[in-house]
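Here is a tutorial dialogue for someone who is opening this entry for the first time. A learner asks how to read each feature, and a teacher replies.

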Amino acid sequence: MSEVKNILLVGVGGQGTILASKILTSGLMKAGYDVKMSEIHGMSQRGGSVSTQVRYGDKVYSPIVGKGSADVIVAFEEMEALRWLDHLKIGGKMVINDHQIQPVPVNLGMAEYPEGIIEHLKEKVDVLSFKAAEVATELGNPKAMNIVLLGALVKAMGLDDIDWDAEIEANVKAKFVELNKKAFHAGYNL
Amino acid sequence: MKVIMSGNEAIARGAYEGGARFASAYPGTPSTEILENMPQYGDAVYSEWAPNEKVATEAAIGASIAGVRSFCAMKHVGMNVAADPIYTFAYTGVTGGFVMVVADDPGQHSSQNEQDNRNQAKAARLLMLEPSDSQEAHDFMKKAFALSEKMDMPVLMHVTTRVCHSKGIVELGEREEADVPDYEPKIKKYVTAPANAKVLRATLEDRVKAAREYACNCEFNRVEMHDTKIGVITSGVSYQYARETFGDNASYLKLGLTFPMPTCLIKDFCSKVDKVYVVEEMDPYIEEHVKMLGIECTGKDVIPRFDELNTDIVRKAFLGVEPETYTSDMKTVVRPPALCAGCPHRGLFYCLSKREKKDGIMITGDIGCYTLGMAAPLNALHSCICMGASISQGHGASIALRDAGKKTKVVSVIGDSTFFHTGVNSLMDAVYNSGSNLSIILDNRITGMTGHQQNPGTGYTLMGKEAPEVDIPALCKAIGVKEENIITVNPNHLDEVNAALDTLLAKDEPTVLITRWPCVLKKFSKQDLDEFPTLHKTQCVIDQDKCKNCKMCVKTGCPALISTKEKVVIDYTSCNGCTVCKQVCPFKAIEEVTR
């Protein structure tokens, strides 16, 4: 029986973690895995921290990724990577979008956004960081950033045997399919 | 066919397959997506948004009495609103199978309290099912209608946030049609005048007794025997955490039907294991029953009585094991939710916050996005208890303050959908009993917080049909608010809002201010675009030469304004031209430009 694998996609409400996790879980199911995914809706959508938790293996019970258990954390925003650090498995990997979104207390001058997060995390764990929106913009649309990150995640998890192009075709509007396929492969090949 | 579904999607599918023909609900996280997923089965199942949970429940009860399989859905606190009908419907029993889906929110992800509604199943005597994942949510819901008919009891389908919003693989089935009998009155069953109700009260005990026997030999409750040193009794999603904690080193009594509790099954299971653990979220509902049977067990003495559980908590509680993790001394900053860029509530709360600081008004609040008016930098909302409470609380406070000789004015803030939910009754109270609070109805043309559901004021139904709209000013007038005391404004125009507040706060009688502008995230209807032609047509930019970096604009709390020590800029991707920042800028440094 294969060990259950854990993935966390973390970010700020509105960054597109949901589509990325939809494609991911659909691909995993077709590859024959048991899959569970958990996300919390509600007030968190209004500028709050959001997380999508994906677990797969022969048999998955809990839908929640526990502390110290994520094989890969994909952070759509820097500070969210830091916030979820304690969920990374020892020896696990972080894929971090080199991008900052200022929370309200920082905007109001009540707190400061921590500086040098990516360098700080690199001292502790295996980090792949890049500007996903720039990669996506070069391909034609910054919104495909989520699929760039998905490509990098698939590479990090070694999920090469799944037909991801087919999953993108099945889950993305026709006019965005080519863009998202390119975004996926750009992220995969980083 | 296998598909990935959330618990809520699976419940909707299960209802369709189980032969439901009628569904009604009021939206509320984490239950909202159940009914949102019903229109796709619209050929077989009629579904609707009701103004509140009591109405939704009564409508579904009516369908059941008419002989049709029906269900209603709500969040946990909605069951309090619906308690009146359901406690008595438990007496009468059903004709068409009836299911009430109630979604609790352990951990209060999106709720004002954390009540454990399993206690209500016991108090009202409702057959209770507790699925532990999407597949069970589908299967239990499908079977619940026939079970309700077999036992002549309403079913309470009890789910939690983690079941509703987690996704898992679901094996779908076919719809099973149920015959609809010709209607015939059953007066002794359904007219709960005391003479009938006393008889029904007695037969309810017989039905509970029969259900308890059924619970001991049903497919919803199962025993998984492995190592017998530890026996775990559990239900709902807690089963998943227990299974992951103990693996095959324990045996399990996995309960899916938890009212009535399967007493024989519990006794038998406990006799086969050395010690008994009970793993459940929130109240010791199972544990108290086990202890009442005289069986020793460990549960809430090690597991928290509140908040959401997970495998880490269960593992630490029973095994004393904590995971190895990375740590950092670098501090993160919280991301409190905020009113969106362009939110039509911002202008109103900005004006209220100025007035609150100057005049010391009391602001009673309600349930919706506008509850966020309480947050910094606006800080302009003082209470939030339950749906519809702002106006009634404001009424009580206005009378109490007046009679105590205080000058404090009272303002009550309520959204359109919440006003229709239970605010209307409150306004009647304020008018009928000569209160003096100002009721502000924030009409953003949709039910916002739960993700944009239609309501009686929006002109559309859940199934996408056009519908009559409630005319809010006319309704307030019909309730008895004087016509000159009802003012409608565009909340993005601060001068309009301030003028209306000046007029209405000077009165010593019930007054109503309606702020009418659509939620910026709404998918606008044709009517919206006709009525609000400037929507999303412009945006604001800061002329950095004129800007003195005084931060007045930032004090509106708009997330499109990115403020650093050196300057403020407006994020053009999120600004949609509400112009509140432009109006508060003392240096006229903000311009409105075409988007």
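A: We begin with a definition, since the radius of gyration is taken here over C-alpha atoms, and the globule rule is 2.2 Å times the number of residues to the power 0.38.

Q: Which radius of gyration does chain B have, and what would a compact globule have?

A: With 595 residues, a compact globule would have a radius of gyration near 25 Å, and chain B has 27 Å, which agrees. Along the principal axes, the C-alpha atoms of chain B fill a box of roughly 80 × 65 × 55 Å. This is a predicted model, in which local features need pLDDT of at least 70 and side-chain atom pairs count only at pLDDT 80 or more, while totals for chains, interfaces and linings use all residues. Residues are numbered from 1 along each chain as its sequence is written, chains are lettered from A and ligands numbered from 1 in the order in which they are written, and side-chain values use heavy atoms, with hydrogens and water left out.

Q: How many helices and strands does chain B have?

A: Helices (H or I, at least four residues) and strands (E, at least two) are DSSP runs, numbered from the N terminus. In chain B they come to 21 helices and 22 strands.

Q: What is the order of the strands in the open sheet of 8 strands?

A: Strands of a sheet pair through backbone hydrogen bonds, either parallel or antiparallel. Two strands count as paired if DSSP finds at least two bridges between them. Here the order is 6(A)-5(A)-4(A)-1(A)-3(A)-2(A)-8(B)-1(B), with mixed pairing. Strand 6 (126-130) of chain A and strand 1 (2-6) of chain B stand at the edges, each with a single partner strand, so one side of each is left without a neighbour in the sheet. Within the sheet, strand 1 (residues 5-12) of chain A runs parallel to strand 4 (residues 70-75) of chain A, the two being joined by 4 bridges; Leu8(A) has Ile73(A) as its bridge partner in strand 4 of chain A.

Q: What portion of chain B counts as buried?

A: Buried means under 20% relative accessible area, exposed over 50%, and partly exposed in between (1.4 Å probe, protein chains only). By that reading, 58% of the 595 residues of chain B are buried. Leu521(B), by contrast, is partly exposed at a relative accessible area of 46%, and it lies in the loop between strand 18 (511-516) and helix 20 (526-531) of chain B. The C-alpha atoms of Leu521(B) and Gly342(B) are 9.1 Å apart, although 179 residues separate the two along the chain.

Q: How many salt bridges does the whole structure have over all chains?

A: Side chains of opposite charge can pair when their charged atoms come close. A salt bridge is a side-chain nitrogen of Lys or Arg within 4 Å of a carboxyl oxygen of Asp or Glu, and the search finds 47 over all chains. One of them joins Lys229(B) to Asp227(B), with the closest N and O atoms 3.5 Å apart; Lys229(B) is exposed at 51% relative accessibility, and Asp227(B) is partly exposed at 28%.

Q: Which parts of the chain does the salt bridge of Arg516(B) and Glu531(B) link?

A: The side chains of Arg516(B) and Glu531(B) meet at 2.6 Å, N to O. The pair links distant parts of the chain, with Arg516(B) in strand 18 of chain B and Glu531(B) in helix 20 of chain B, 15 residues apart. Arg516(B) is partly exposed at 24%, as is Glu531(B) at 38%. Elsewhere, salt bridges that share partners join Glu136(B), Arg222(B), Glu224(B), Arg243(B), Asp248(B) and Lys254(B) into one network.
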